[in-house]
Amino acid sequence: MRKHLLTSAFAIMAGAASAQVAAPQFEDGPGPNLVIEVAGADGAAKGTITLDLLADTAPGHVERIVALAKAGAYDGVVFHRVIDGFMAQTGDVQYGKQGADNSLAGSGGSDQGDLKAEFSDIPFQAGTVGMARARSVDSANSQFFINLAPAPFLNGEYTVFGQLIDGWDVLNDIEKGDAQQNGAVESPDYMAKVTVVE
């Protein structure tokens, strides 16, 4: 089943691309941190993004993300859906490998079971990291997204499990998709290497 965010939300955001918002100012908490080395479709390094994972807020989701990262499952996975002024989505370890046929990217997950939602009162701001899911609130698996701008309509609907603490410029430089095609990216950037810093 496709792990979309709200389809109607994509349609709303597709109507108007917004100017880049100011870099978020999140403090580095107890972690762990997820360090993502981003590369362009041509393999050229674009920089590094660092996410502070909120283990106290969403322990099940953080445990899954950390396990997949340590197993190397996220290495080479594309940013398959990127909407300017909204978010960048990645993490389809099943169908989203760079250099492969990405026509199904966004519809897969990992070989682990789906996760129960861990909702909190943390709002979706620029730099907030949330888990993508299908219609069921308990269908998150491996895909996640990082907000490029505040998205209050997502509050309480998706599990927040992290905050971007470094690499805002790199995040905003990720290849954008066609808003009229739900943000699908023709030649996507990808996560060349993902590591966990405890």
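Helices here are DSSP runs of H or I with at least four residues, and strands are E runs of at least two. The model is predicted.

**Exercise 1.** Work out how many helices and strands the chain has, and in which pattern they follow along the sequence.

*Solution.*
- Step 1: Count the elements. The chain has three helices and nine strands.
- Step 2: Read along the sequence. The pattern is α-β-β-α-β-β-β-β-β-β-α-β.
- Step 3: Check the overall size. The radius of gyration is 15 Å, close to the 16 Å of the globule rule for 198 residues, so the chain is as compact as a globular protein of that length.

**Exercise 2.** Find what share of the chain's residues is buried, and what share of the contacts joins residues at least 24 apart.

*Solution.*
- Step 1: Apply the cut-off. Buried means under 20% relative accessible area.
- Step 2: Take the share. Of the 198 residues, 53% count as buried.
- Step 3: Turn to contacts between residues at least 6 apart in sequence. Of these, 71% join residues at least 24 apart.

**Exercise 3.** Place strand β6 (residues 128-131): sort its side chains by direction, then name its partner strands.

*Solution.*
- Step 1: Recall the rule. In a regular strand, side chains alternate between the two faces of the sheet.
- Step 2: Sort the residues. T128 and G130 point one way, V129 and M131 the other. All are buried.
- Step 3: Pair with β8 (residues 160-166). Three bridges join β6 to β8, antiparallel. T128 has Q163 as its bridge partner there.
- Step 4: Pair with β7 (residues 144-147). Again antiparallel, β6 and β7 are joined by three bridges. Here V129 stands opposite I146.

Key
Residues numbered from 1 in each chain as written. Predicted model: local features only at pLDDT ≥ 70, side-chain atom pairs only at ≥ 80, totals over all residues. Heavy atoms only, no water. Rg over C-alpha atoms; globule rule 2.2 N^0.38 Å. Buried < 20%, exposed > 50% of the residue type's maximum accessible area, 1.4 Å probe, protein only. Contact = heavy atoms within 4.5 Å. Pairing = 2+ DSSP bridges.
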